[in-house]
Amino acid sequence: MELNPVTIEKRRLIRKIFEKMVVLINREMNIEEFKDTYFPNEDRTLELNIKGIEDLDTGFVFRDGRVRTIKKLTDKPTVIVSMNEDTFIRLATKQETLGEAFFYSHMEMEGKDYFRDFKLFDRMFTKYGHVLDKLKNGG
Amino acid sequence: MLEPPIVIVGGGPAGATAAENLAKKGKNVLLIERSKSYPYREKPCGGGLGPATIKLFPYTKAMGIHTTKKILMSFGDDSIELDIPIVMVNRNEFDLILMKRASVAGAVLRFESTVVTVDYDNKKVLLGNGEIVPFSFLVGAGGVRCPVARHQNSPKATVPLLVGKADGGALNSSETAEIVFFEGFKGYAWVFPKGKFLDVGVGGDATVKELRKRLGAFLKERKLTMYDKTGWTIPFEPPMDPVSCKMLIDSTSAVCGDAAGFANPATGEGIRYAMQSGKEVAEVLLGTRDYKTYPTFLEDLVRLRDYRERFFAKGLKEYFMELKKTPDLARELAGFFFGDRPAPPSAPMTDDERLKALKAIDEKMGV
C-alpha cells in the first residue's frame with residue numbers, strides 16, 4: 001500500500017520522537033533507581049504501539065538500568081501499550097495524564113504486572129516531568 | 001383550571017432533590033412517599049457522601065454526623081490507604097431533611113401513600129387508598145422497586161446488600177472508613193464509623209444467602225455484633241442498551257436515582273447520582289436542559305462499569321498487589337471513583353493538527 005505524504009511525515013516524526021525519548025530517558029531519568037524500586041530482579045521489555053502504524057519500531061528494552069533499543073521486539077514483550085496518535089500527542093504535551101488515558105480507555109495495556117510498567121511510562125511522560133520539561137523548555 | 005401537578009414517586013435523595021428544584025421555581029409538585037413521616041424509614045445504605053457529592057451539593061456537608069478523612073481499602077493482610085474524606089450521614093435524617101427542603105420550597109408531600117398503577121395515556125396514577133391523582137408529568141424516584149420504573153422496564157440488573165449497625169467502641173469515631181475486598185467476590189464489605197456506632201455491611205454480585213454467610217464470617221473476624229440488620233437491592237449495571245436509555249425520559253415521565261439504575265457500578269455509591277439525576281430532571285422540566293442530555297453522567301457510569309469488569313477480570317489479588325506497589329497510581333485511580341475529575345479532551349484531531357503537534361514535540365525535544 002502506498003502511503004500518502006502526510007502519513008510518511010507523521011511516521012518519520014514519531015520515529016524521531018521515540019529515538020529522542022530513548023536519549024532523554026537514559027540521560028534525564030534515574031532508571032537505575034526506578035529499577036531498584038520496581039524491578040529489582042528482572043529486565044523488562046515494553047512495546048508502545050501507535051494504532052495504525054504498529055509496524056513502526058517502538059519497542060523499549062530496559063536492561064541493566066538503561067533503555068537499550070527501540071527496535072520492534074522479536075520476543076513477546078513483557079508489556080504492550082497501545083494508543084492512537086492523538087493520545088500519544090496529548091500525553092507528550094501533558095494535555096492528558098497516563099492515569100486518565102488508562103481510566104478512559106484511551107490506551108490499552110496487556111501483560112503481567114503492567115502497573116509497574118505503567119509507572120515507568122508515567123515517569124517518562126508526565127509525573128516526574130523530566131522528559132516533558134525537556135519538551136516544554138525546548139531541551 | 002389549574003394544571004395537574006408534577007407527581008414525584010419516592011422521597012429519597014432523587015425525588016426530594018427534583019421536588020425542591022421544581023418547587024422553588026414555582027412548579028406545582030406533589031411528592032408521594034410510602035413511609036410514615038415519623039419515624040421516617042431507614043434506607044439500608046452505607047450512607048457515605050464522597051467529595052463529588054459535597055462539591056455538587058455543598059449543603060449536604062452540614063448534614064453529616066461524622067466525617068472520616070481516609071479510606072482504607074484492604075484485601076487479606078494487605079491494604080492501601082487513600083486520603084479521601086467521606087461525610088457520613090444517617091439516611092433517615094438525611095432523606096427527611098431533603099424532603100423538608102422540598103416542602104419549604106413549596107412542594108406538597110404526601111406520606112404513607114403508594115402508587116399501585118400508572119395510566120400513561122390519561123396521565124393519572126392510582127394510589128393504594130383508591131384515589132386517582134392526575135399528573136402533568138410523572139417522575140419515578142422510588143428506588144429499584146419503583147412502580148414507574150417497573151412500567152418502564154428499568155433498571156434490569158441489581159445486587160443485594162445487607163447492612164446494619166455495630167458498636168465498635170473507640171472505632172465508632174475513627175477517622176478511617178474501611179472497604180474490604182475478598183477473593184472471588186465481586187463486591188465488598190464496609191465499616192463506616194458514624195460517631196456513635198459503626199455502619200457495617202456487605203454488598204455484591206451474590207445471592208442473599210451467600211452474602212449472609214460472608215457477612216457472618218466478617219463480623220466474627222472483626223468481633224462485632226450487628227443490630228438493626230436489614231437488606232435491600234441496588235443497581236449493578238447502568239442502563240446501556242438503546243431501549244433502556246430511551247426509557248429514561250420522554251414527554252410524559254422520567255425515572256431517576258436507583259429507579260433508573262443510576263449508581264456507581266464500581267463503588268455502589270448512589271446518593272450522588274440520585275441527587276444529580278433529580279436535579280437534571282428538574283432542569284429538563286424547567287426548560288433549562290435539553291432532555292437529550294439527561295443524564296449527563298451516563299457515559300461515566302458505563303466507563304466505571306467497564307473499569308469494574310477489568311478490575312475483576314485481571315484478578316483481584318494481582319490487581320490489588322500491583323496497586324499497592326504503585327500507591328500514587330492507586331490514589332489517582334481512586335480519584336476517578338470517588339472524586340469528580342473531568343474527562344480529558346478526546347475529540348479527534350485532523351491530520352494537519354497531528355502533523356503540527358508532532359513537529360512541535362520534535363523541535364522542543366532538542367536532543
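What share of the contacts in chain A with a separation of 6 or more comes from residues 24 or more positions apart? The share is 67%. The model under view is predicted, and the tour begins with this chain.

Select chain A and colour it by secondary structure. Six helices and five strands should appear, following the order α-α-β-β-β-β-α-α-β-α-α along the sequence. Switch next to a surface display: chain A exposes an accessible surface of about 6,100 Å², with 46% of that belonging to carbon and sulfur atoms. Of its 139 residues, 58% count as buried.

Now add chain B and select the residues of each chain that touch the other. The selection should hold 43 residues of chain A and 38 of chain B. Between the two chains an area of about 4,000 Å² is buried, and carbon and sulfur atoms give 65% of it. On the chain A side, display Phe103(A), Tyr104(A) and Phe115(A); these residues lose the most area to chain B, together 20% of what that side buries.

Turn then to the charged and polar pairs. Five salt bridges are found across the interface of chain A and chain B. For one to inspect, select Lys20(A) and Asp362(B), whose side chains meet in a salt bridge at 2.8 Å, N to O. Six residue pairs are in polar contact across the interface, with both residues at pLDDT 80 or more.

Finally, select the elements of chain A that give two or more residues to the side touching chain B: α1 (5–28), α3 (85–92), α4 (98–103), α5 (114–125) and α6 (130–137). The largest share, eleven residues, comes from α1(A). Coloured by class, this side of chain A shows 19 nonpolar, nine polar and 15 charged residues.

Note on methods
Residues numbered from 1 in each chain as written. Chains lettered and ligands numbered in written order. Predicted model: local features only at pLDDT ≥ 70, side-chain atom pairs only at ≥ 80, totals over all residues. Heavy atoms only, no water. Contact = heavy atoms within 4.5 Å. Buried area = accessible area lost by both parts, 1.4 Å probe. Salt bridge = Lys/Arg side-chain N within 4 Å of Asp/Glu carboxyl O. Polar contact = N/O pair within 3.5 Å; in protein donor to acceptor, adjacent residues only side chain to side chain. Helix = DSSP H or I, 4+ residues; strand = E, 2+ residues; numbered from the N terminus. Nonpolar A, V, L, I, M, F, W, Y, C, P; charged D, E, K, R; others polar. Buried < 20%, exposed > 50% of the residue type's maximum accessible area, 1.4 Å probe, protein only. Areas by Shrake-Rupley, 256 points an atom, 1.4 Å probe, with all protein chains shown as cover.
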